[in-house]
Every structure is written in structure tokens, then in C-alpha cells.
Amino acid sequence: MSLADVTSNLRAPIVTKVADKPTVRVHSVEWRKIMAGEPVEINPSVGHGYRVMSVDEWSARWKPNEAWPECLQCGSKNSKEHHFTQTWCRGKKKWESECLCLDCHSFSFRSYCDPDFKTPEDVEKERWQALVKGDTSMPVDAI
Ligand SMILES: [Zn+2]
């Protein structure tokens, strides 16, 4: 997904949440350890084993989110994204992003979902239900 895809044609409000720990599950265990000064696993591409790391060192490989760098807590743009997922289905989109602020160490979570978004699983289920009912108005190649 390009930056324009994430930021344009939004037809619903972006849901936001700010917290002092990750809202998403990824990195939540590591974050608790970093805050407690406990060792965390070294990135496998640079070494192996465990080490006590600063927040800056731990997040060094993460990239800024160019669309929404602002921290929802303090307004700083000195943030890095640690989580991004997106799903596209039949031209409808859904995504979520979470950034860590390097100034106040808050996590800013943002999520968006088109009002009529359906997952690929939902679409497939509806297709089969239509077939079972003998409804042929939904051509297979439209999926
Ligand atoms: Zn901040």
C-alpha cells in the first residue's frame, strides 16, 4: 500500500488510542522488559542472545511513519512505527498502525476500516451461501 492509499479517500474516522505500552500484541513483552531494565533478544540479523537495551537502541531498526508521525500524547514527530497491517478486499481497505514516540515513550495506535469493508473470508462465505441457495446472480468471476 502506498502512502496515498493509506491517507486518501478515507470514508470513516480513524480510530486512535495512546498508551504507555503497545496496544497491539507485537513487542508488548519486550517493551515490559525494556521498561524494567531486563535483557531482550538481540535482532537475529545483528547477533544472537539477550542484552539490556535502551529504547533508542531497541527501536533503531524501525522506520518513521511518513503519513502520521505525530505522537498522540505529546505531538512530537520523533516517532517510529513498530506495527503496520493492511487488508484490501474488492477495493475496500482496512489498516492499523502503531508508532512509538522516542521523546515521551508513548505508543500511538491508529486504525481505519472502510464502512462496507468485508474480509476475503466474509466474501467467500457469502458466495457459498448464495450458491447453496441457488442464487446465480452473483457471478463467480466477480469475486
Ligand atoms: Zn510523545
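## Strand pairing in the sheet

Strand β5 (residues 92-101) and strand β6 run antiparallel and are joined by seven bridges, where two strands count as paired if DSSP finds at least two bridges between them. Strands here are DSSP runs of E with at least two residues, helices are runs of H or I with at least four residues, and both are numbered from the N terminus. This is a predicted model, in which local features need pLDDT of at least 70 and side-chain atom pairs count only at pLDDT 80 or more, while totals for chains, interfaces and linings use all residues. Residues are numbered from 1 along each chain as its sequence is written.

Within the pairing of β5 and β6, K94 stands opposite C113, and the bridge partner of W95 is Y112. The hairpin that these strands form has five residues between them, and one residue of this hairpin, H105, takes a positive phi near 60°. On β6 (residues 107-113) there is also a pairing with strand β1 (residues 15-19), again antiparallel and made through five bridges; in it, V18 has S108 as its bridge partner.

The sheet as a whole is open and consists of four strands in the order β1-β6-β5-β4, with antiparallel pairing. Its edge strands are β1 and β4 (79-89), each of which pairs on one side only. On average, and with direction ignored, neighbouring strands of this sheet are turned by 10° against each other; for such angles, axes are lines fitted to C-alpha atoms, for helices over the stretch in contact, and the angles run from 0 to 180 degrees between N-to-C directions. In a regular strand the side chains alternate between the two faces of the sheet.

## Overall form of the chain

The secondary structure of the protein chain comes to four helices and six strands, and from the N terminus on these elements follow the order α-β-α-β-β-α-β-β-β-α. The C-alpha trace spans about 60 × 35 × 25 Å along its principal axes. The radius of gyration of the protein chain is 20 Å, whereas a compact globule of 143 residues would have a value near 15 Å; this radius is taken over C-alpha atoms, and the globule rule is 2.2 Å times the number of residues to the power 0.38.

Buried residues make up 14% of the 143 residues, a residue being buried if 20 or more other C-beta atoms lie within 10 Å of its own, exposed if 12 or fewer do, and partly exposed in between, with C-beta atoms placed from the backbone. Among contacts between residues at least 6 apart in sequence, 50% join residues at least 24 apart, and two residues are in contact if their C-beta atoms, placed from the backbone, lie within 7 Å.

## The nonpolar core

C71, C99, L100, C101 and F107 make up the largest nonpolar core, which has five residues, and β5 gives the most to this core, with three residues. A nonpolar core is a set of buried Ala, Val, Leu, Ile, Met, Phe, Trp, Tyr and Cys residues joined through C-beta atoms within 7 Å. Leaving aside its neighbours within four places in sequence, the core residue C99 is in contact with N65, S79, K80, E81 and S108.

## Loop residues

Most residues other than glycine have a negative phi, and most peptide bonds are trans. N9, which is not a glycine, has a positive phi of about 55°; this residue lies in the loop between α1 (3-7) and β1 and is exposed, with 8 other C-beta atoms within 10 Å. R90, in the loop between β4 and β5, also has a positive phi, near 50°, and is partly exposed, with 13 other C-beta atoms within 10 Å.

P22 is found in the loop between β1 and α2 (28-36), and is partly exposed, with 19 other C-beta atoms within 10 Å. Apart from neighbours within four places in sequence, P22 is in contact with H27, S28, W31, E98 and F107.

## Helix α4

Helix α4 (residues 120-132) has 13 residues and reaches 18 Å from its first C-alpha to its last, close to the 18 Å expected at 1.5 Å a residue, the expected span being 1.5 Å times one less than the number of residues. Of the 13 residues of α4, the number buried is zero, so this helix lies largely in the open. G134 follows α4 and has a positive phi, near 75°.
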